[in-house]
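Please walk through the fold of this protein, from its secondary structure to its core and helix packing.

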Amino acid sequence: MLLQAVRIWFGNYATGSAKEEGPAKSTSNTRGHPTSSKTWTSKSVCSHIFTARISDEQTKLSGGGEKDIGKYRAALLNVFKNLSKAELKECEDRAAEWNTESLPDEMQRK
């Protein structure tokens, strides 16, 4: 009985159909669009603006042949760790911008 109640509670919050107020997502998420649920971080922004570097790193980690999807996280982490201070600042600034304003058209199309 308790397990079922816990599943229902998590299910309601995961699907967004809860009647009562759930835990706050982000204080900076002020886009106002009800389906905008992604909270951008500097790493998630990095994954979108440095795709070529991540792809090259993923190929390198996969042994130079076909890219192994299992190596994507490691590739992203390596690229993120090796960003210059200016590139990291750019990712942080874009994350703050994308969390508070509407996304640029090229990002909405993806």
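The protein has 6 helices and 0 strands, in a model that is predicted. Read from the N terminus, the order of elements is α-α-α-α-α-α. Of the 110 residues in the protein, 22% are buried. Among contacts between residues at least 6 apart in sequence, 56% join residues at least 24 apart.

The largest nonpolar core contains 15 residues, and W40, C46 and L83 have the most contacts inside it. Two or more residues of this core come from each of α2 (42-49), α4 (72-81) and α5 (85-100). Helix α4 supplies the largest share, 4 residues. The surroundings of C46 can be listed in detail: leaving aside residues up to four places away in sequence, C46 touches I54, L76, V79, F80, L83 and C91.

C46 is also one of the buried residues of α2, which are S42, S44, V45, C46 and S47. The cover over these buried residues includes α3, α4 and α5. Two of the helix pairs in this part of the model, α2 with α4 and α3 with α4, can be described by their geometry. Two packed helices are described by the angle between their axes and the distance between the axes.

For α2 and α4, the axes are 10 Å apart and the packing angle is about 100°. Angles of 65 to 115 degrees count as roughly perpendicular, and α2 and α4 are therefore roughly perpendicular to each other. On the α2 side the contact involves S42, K43, C46 and S47, which meet Y72, L76, L77, V79 and F80 of α4. Sorted by class, the contact of α2 with α4 has 6 nonpolar, 2 polar and 1 charged residues. L76, V79 and F80 of this contact are also among the residues touched by C46.

The second pair is α3 (residues 51-61) with α4, whose axes come within 8 Å and cross at roughly 125°. That angle lies outside the range of 65 to 115 for roughly perpendicular and is not over 145, the bound for roughly antiparallel; α3 and α4 are therefore oblique to each other. The crossing of α3 and α4 is right-handed. From α3, the contact is made by R53, I54, E57, Q58 and L61, and from α4 by Y72, A74, A75, L76, N78 and V79. These residues divide into 7 nonpolar, 2 polar and 2 charged. Y72, L76 and V79 of α4 take part in this contact with α3 and also in the contact with α2. I54 of α3 belongs to the contact with α4 and is touched by C46 of α2 as well.

Helix α5 adds a further point of reference. K89 is located in α5. Is K89 buried, partly exposed or exposed? Its relative accessibility is 46%, and partly exposed lies between under 20% for buried and over 50% for exposed, so K89 counts as partly exposed. The C-alpha atoms of K89 and S42 are separated by 8.5 Å, although these residues are 47 residues apart along the chain. S42, by contrast with K89, is among the buried residues of α2.

Conventions
Residues are numbered from 1 along each chain as its sequence is written. This is a predicted model: local features need pLDDT of at least 70, side-chain atom pairs count only at pLDDT 80 or more; totals for chains, interfaces and linings use all residues. Side-chain values use heavy atoms; hydrogens and water are left out. A nonpolar core is a set of buried Ala, Val, Leu, Ile, Met, Phe, Trp, Tyr and Cys residues joined through side-chain atoms within 4.5 Å. Buried means under 20% relative accessible area, exposed over 50%, partly exposed in between (1.4 Å probe, protein chains only). Contact means heavy atoms within 4.5 Å. Axes are lines fitted to C-alpha atoms, for helices over the stretch in contact, and angles run from 0 to 180 degrees between N-to-C directions. Angles under 35 degrees count as roughly parallel, over 145 as roughly antiparallel, 65 to 115 as roughly perpendicular and the rest as oblique. A crossing is left-handed if the near helix is turned anticlockwise from the far one by less than a right angle, and right-handed if clockwise. Ala, Val, Leu, Ile, Met, Phe, Trp, Tyr, Cys and Pro count as nonpolar, Asp, Glu, Lys and Arg as charged, and the others, Gly among them, as polar.
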